[in-house]
Amino acid sequence: NQVINVALVGNPNSGKTSLFNLASGSHERVGNYSGVTVDAKTARFHQGHYTFNLVDLPGTYSITEYTPEELYVRTHILREMPDVVINVVDATNLERNLFLTTQLIDMDIKVVIALNMYDEMEQTGARLDYEHLGRMLGIPIVPTVASQGTGIRRLFDTVAKVFEDKEPTVRHIHINYGTDLEEAIGILQNKIWENSDIVALYSSRYLAIKLLEGDQSSFKLLEKCANFNDITKTQALLKQKLEKRFGENPESAIADAKYGFIVGALEETYQGETHDKHART
Ligand code: BGO
């Protein structure tokens, strides 16, 4: 009997609570514990040979550090290191929801996508080749209708397969940020690599991307590194250079590249009127 620690991550209203209640409620108790300012619900249930410890993290559009919810989600993933993250994605709002997915890709962790609201997507007449999309993302995608319980068993079977490294869709992809950003990421990554204790725990590519974004938590994480001064100086120079090149800060350039990647992936896999019911302005 294997224990698998699973965290639910997704945008507000993607159906996270429904999925959590369904998976846990139909089996065992639901507990509550308090974070600093934000709550996360936990539950434990069994399926097949596995015991799942499930944590429902606060709904967020992003995993940065701009709100207590975002910081909570991000700290949970980096500190608790769940075995597998279930990314609940609203199928009727793919462009916006997949933004968070690109951040999980950067983190280089094990992810399964619950493609929720799949009933609503189909009702609009839209079609998504989700298997193809999953291969492009390197993340298995399981359609779900959390409000009816459809797909939940298969979802956790897939989580177990990913945990056991037996799911062929899983592949660690890199989002290509373009020549200039990739060069800068590489330079910072090399400097991070000098710290074996850090790279044992975190993806050096993820940290390099976060440093370019000016992410304070990542600077803090690297504070005790022997070459921290070198890292901060290099970051400042690279940031300046990239700002000149793009006419915007690297953080915006990185977000643009993420949306470009999503739009490209959806062009190949999605047929419908729009893949974002709240189109960005
Ligand atoms: C209400 N399909 C459909 N069609 N609806 C779903 C699905 C799905 O797969 N999954 C969830 N919902 P949350 P967060 C509601 O509450 O789990 C619905 O924020 C209503 N409530 O039932 O809360 C779900 O935790 C009255 O809808 O999401 C819920 O991520 C009328 O999506 C909503 C209609 O789910 C959000 C819906 C009093």
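Colleague: Which element supplies the largest share of the shell around the ligand?

Modeller: That is α1, with 3 residues. Both α1 (16–25) and α4 (118–123) supply at least two residues of this shell; they are called helices because each is a DSSP run of H or I of at least four residues, numbered from the N terminus. This is a predicted model, in which local features need pLDDT of at least 70, side-chain atom pairs count only at pLDDT 80 or more, and totals for chains, interfaces and linings use all residues. Residues are numbered from 1 along each chain as its sequence is written, and side-chain values use heavy atoms, with hydrogens and water left out.

Colleague: What makes a residue near the ligand?

Modeller: One of its heavy atoms must lie within 4 Å of the molecule. There are 16 residues around the ligand, and Asn13, Lys16, Thr17, Ser18 and Asp119 come nearest.

Colleague: Why is the pair between Ser18 and the ligand called a polar contact?

Modeller: A polar side-chain atom of Ser18 lies 2.6 Å from an oxygen atom of the ligand. The term requires a pair of N or O atoms within 3.5 Å, so the Ser18 pair qualifies. Polar backbone atoms also take part: that of Gly15 is 2.9 Å from a ligand oxygen atom, and that of Ser14 is 3.1 Å from one.

Colleague: What is the mean pLDDT of the protein?

Modeller: The mean is 92, and 93% of the residues reach 70 or more, where pLDDT is the predictor's confidence in each residue, from 0 to 100. Over residues 26–37, however, pLDDT stays under 50.

Definitions and conventions: Polar contact = N/O pair within 3.5 Å; in protein donor to acceptor, adjacent residues only side chain to side chain. Contact = heavy atoms within 4.5 Å.
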